[in-house]
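User: Please guide me through how the strands and helices of this protein are arranged. I should like each term explained as it arises.

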Amino acid sequence: MKTILITGGTSGLGYELAKLYLEKNHQVIILGRSKSKLDYALHHLKPYGEVQGYPLDISDNNAVMHLASQLPDLDLLINCAGIGYFGSFLELNKREIVEMIDINLKGTILVTHAFLPKVKEQVMNIISTAGLKGKVNESVYVATKFGVRGFTEALQKELPLQVTAVYMGGMDTPFWHQSNHIKEPSKLKSPKDVAMEIFEKNDGRSEIIIEK
């Protein structure tokens with residue numbers, strides 16, 4: 001049995017990864033900003049196996065460091081938490097810009113920095129294809145994902161353990177509920193299918209690319 005920590009584990013891809021690892025008889029710890037969403041996710045995940053959850057703002061370094069000091073060693077750290085606001089660059093407000101930088105980039109770095117001494121096998125960063133090329137109406141979101149890509153590639157050269165970058169396109173998840181950027185999200189892949197593909201391709205390669 002391995003111990004897996006998943007940020008953004010309360011919904012979407014993070015939730016499906018948590019469920020999948022539980023079904024494979026691993027111990028899973030999920031983190032999420034919303035206490036109510038965390039409680040809801042835990043309620044539905046507990047029938048599948050040994051799961052714990054903690055509310056955490058991953059952009060708060062003190063909170064991240066405190067939680068890291070309380071948790072056990074990990075086999076796998078999955079940085080999956082992310083947020084996106086879409087539209088032309090000048091339509092974005094300062095709060096949206098700062099929040100994307102804080103969660104997508106700063107949060108990923110802070111969590112990795114705090115938990116890395118406890119990680120025995122692998123760090124996996126869920127990046128998206130926005131980390132591979134620029135996209136219309138995704139300027140700051142793309143910038144944060146390019147940052148995570150660079151961070152991941154640097155860690156691959158620096159660390160003795162496995163560091164994996166995951167690049168996938170949009171999924172049919174609650175991520176799009178507050179946006180009309182994707183007109184028909186139901187036509188996208190399900191997070192369950194993407195989670196399974198990630199699991200099956202996680203064989204030691206440095207990059208996992210999920211085609212549309």
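Analyst: Axes are lines fitted to C-alpha atoms, for helices over the stretch in contact, and angles run from 0 to 180 degrees between N-to-C directions. Helices (H or I, at least four residues) and strands (E, at least two) are DSSP runs, numbered from the N terminus. The model is predicted, with local features needing pLDDT of at least 70 and side-chain atom pairs pLDDT 80 or more, whereas totals for chains, interfaces and linings use all residues. Residues are numbered from 1 along each chain as its sequence is written, and side-chain values use heavy atoms, leaving out hydrogens and water.

User: At what angle do helix 4 and helix 5 pack?

Analyst: Helix 4 covers residues 94-115, and helix 5 covers residues 139-158. Their axes lie 8 Å apart, and the packing angle is about 15 degrees. Angles under 35 degrees count as roughly parallel, over 145 as roughly antiparallel, 65 to 115 as roughly perpendicular and the rest as oblique. Helix 4 is therefore roughly parallel to helix 5, at an angle of about 15 degrees.

User: Which residues of helix 5 meet helix 4?

Analyst: Contact means heavy atoms within 4.5 Å. From helix 4 come Ile97, Met100, Ile101, Asn104, Leu105, Thr108, Ile109 and Thr112; their counterparts in helix 5 are Val140, Tyr141, Thr144, Lys145, Gly147, Val148, Phe151 and Leu155.

User: What is the strand order of the open sheet?

Analyst: Two strands pair if DSSP finds at least two bridges between them. The open sheet has 7 strands with parallel pairing. Strand 3 (51-55) and strand 7 (207-210) are its edge strands, each pairing on one side only. The order is 3-2-1-4-5-6-7.

User: Which residue in strand 5 stands opposite Ile78?

Analyst: Strand 4 (residues 74-79) pairs with strand 5 (residues 119-126) in the parallel sense over 5 bridges. The residue opposite Ile78 is Met124.

User: Which residue in strand 7 is the bridge partner of Met168?

Analyst: Strand 6 and strand 7 are joined in the parallel sense by 4 bridges. Strand 6 spans residues 162-168. The bridge partner of Met168 is Ile210.

User: Which strands does helix 5 touch?

Analyst: Helix 5 packs on the sheet, and its direction makes about 155 degrees with that of strand 6. The strands touched by helix 5 are strand 5, strand 6 and strand 7.

User: How do the axes of helix 1 and helix 2 lie relative to each other?

Analyst: The axes of helix 1 (residues 12-23) and helix 2 (residues 35-45) come within 11 Å and cross at roughly 30 degrees. These two helices are therefore roughly parallel.
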